[in-house]
Amino acid sequence: MLTQRCILPHTASDIFSVTFLLIIVPLIYWFELWIVLPELYEYGTSPHIFHCCLGSFIMLNVVGNFTYTVLCDTSIRQVLIPTNKGDIKEGWRFCRICELIGPPRSWHCDICNICIVKRDHHCIFTACCVGHCNQRYFLMFIFYLFISTLY
Ligand SMILES: [Zn+2]
Ligand SMILES: [Zn+2]
């Protein structure tokens with residue numbers, strides 16, 4: 001896995017959303033496990049330990065998938081760009097901003113300022129684009145966030 005060169009948010013909406021997510025998720029985790037859970041079950045009993053482990057497992061998956069989504073580079077930097085004109089297949093396009101040839105379904109992101117392979121969208125909560133390489137981490141991040149909200 002190639003890592004991104006710059007993971008810092010670029011725009012005000014990115015900075016606000018990432019900060020919100022990085023504050024609210026650990027805050028809820030701390031509140032549920034150290035305030036709510038001891039009220040429901042006595043400390044050290046089997047249900048208490050079970051919910052501690054389950055809550056931590058979900059939190060670990062949320063944090064892990066978020067980290068991988070942010071760190072994974074899905075730009076065209078990692079694509080082998082053909083040097084011969086004859087090797088360029090149909091669907092490849094030239095990006096005037098990057099001044100590079102991009103594979104089919106790659107689109108330029110104005111915020112990341114690079115072409116993204118199989119670009120889905122620019123996520124403001126991770127401050128990066130979701131594309132071919134980090135799509136599975138992004139989907140798992142959303143899935144575990146959903147599970148944690150239900151839980
Ligand atoms: Zn581009
Ligand atoms: Zn982007």
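Trainee: What spacing do the donors of the zinc ion (ligand 1) follow along the chain?

Mentor: They follow C-x2-C-x9-H-x6-C. This is a predicted model, where local features need pLDDT of at least 70 and side-chain atom pairs count only at pLDDT 80 or more. Residues are numbered from 1 along each chain as its sequence is written.

Trainee: What makes Cys95, Cys98, His108 and Cys115 the protein donors of the zinc ion (ligand 1)?

Mentor: Donors are N, O and S atoms within 2.8 Å of the metal (3.2 Å for Na, K and Ca), with water not among the atoms. Here SG of Cys95, Cys98 and Cys115 and ND1 of His108 lie 2.0 to 2.3 Å from the zinc ion.

Trainee: Why is the arrangement around the zinc ion (ligand 1) called tetrahedral?

Mentor: Four donors count as tetrahedral if all angles lie between 85 and 135 degrees. The 4 donor atoms subtend angles of 100 to 119 degrees, so the arrangement is tetrahedral.

Trainee: Why is His108 called buried?

Mentor: Buried means under 20% relative accessible area, exposed over 50%, partly exposed in between (1.4 Å probe, protein chains only). His108 has 16%, so His108 is buried.

Trainee: How many aromatic pairs does a search of the whole structure find?

Mentor: The search finds 5. Rings of Phe, Tyr and Trp (its six-membered ring) pair if their centres lie within 6.5 Å; planes under 30 degrees apart count as stacked, over 60 as edge-to-face and the rest as tilted.

Trainee: Why is the pair of Phe57 and Tyr144 called edge-to-face?

Mentor: The ring centres are 6.3 Å apart and the planes at 80 degrees, so Phe57 and Tyr144 are edge-to-face.

Definitions and conventions: Chains lettered and ligands numbered in written order. Heavy atoms only, no water. Tetrahedral: all angles 85-135°; square planar, octahedral: opposite > 155°, others 65-115°.
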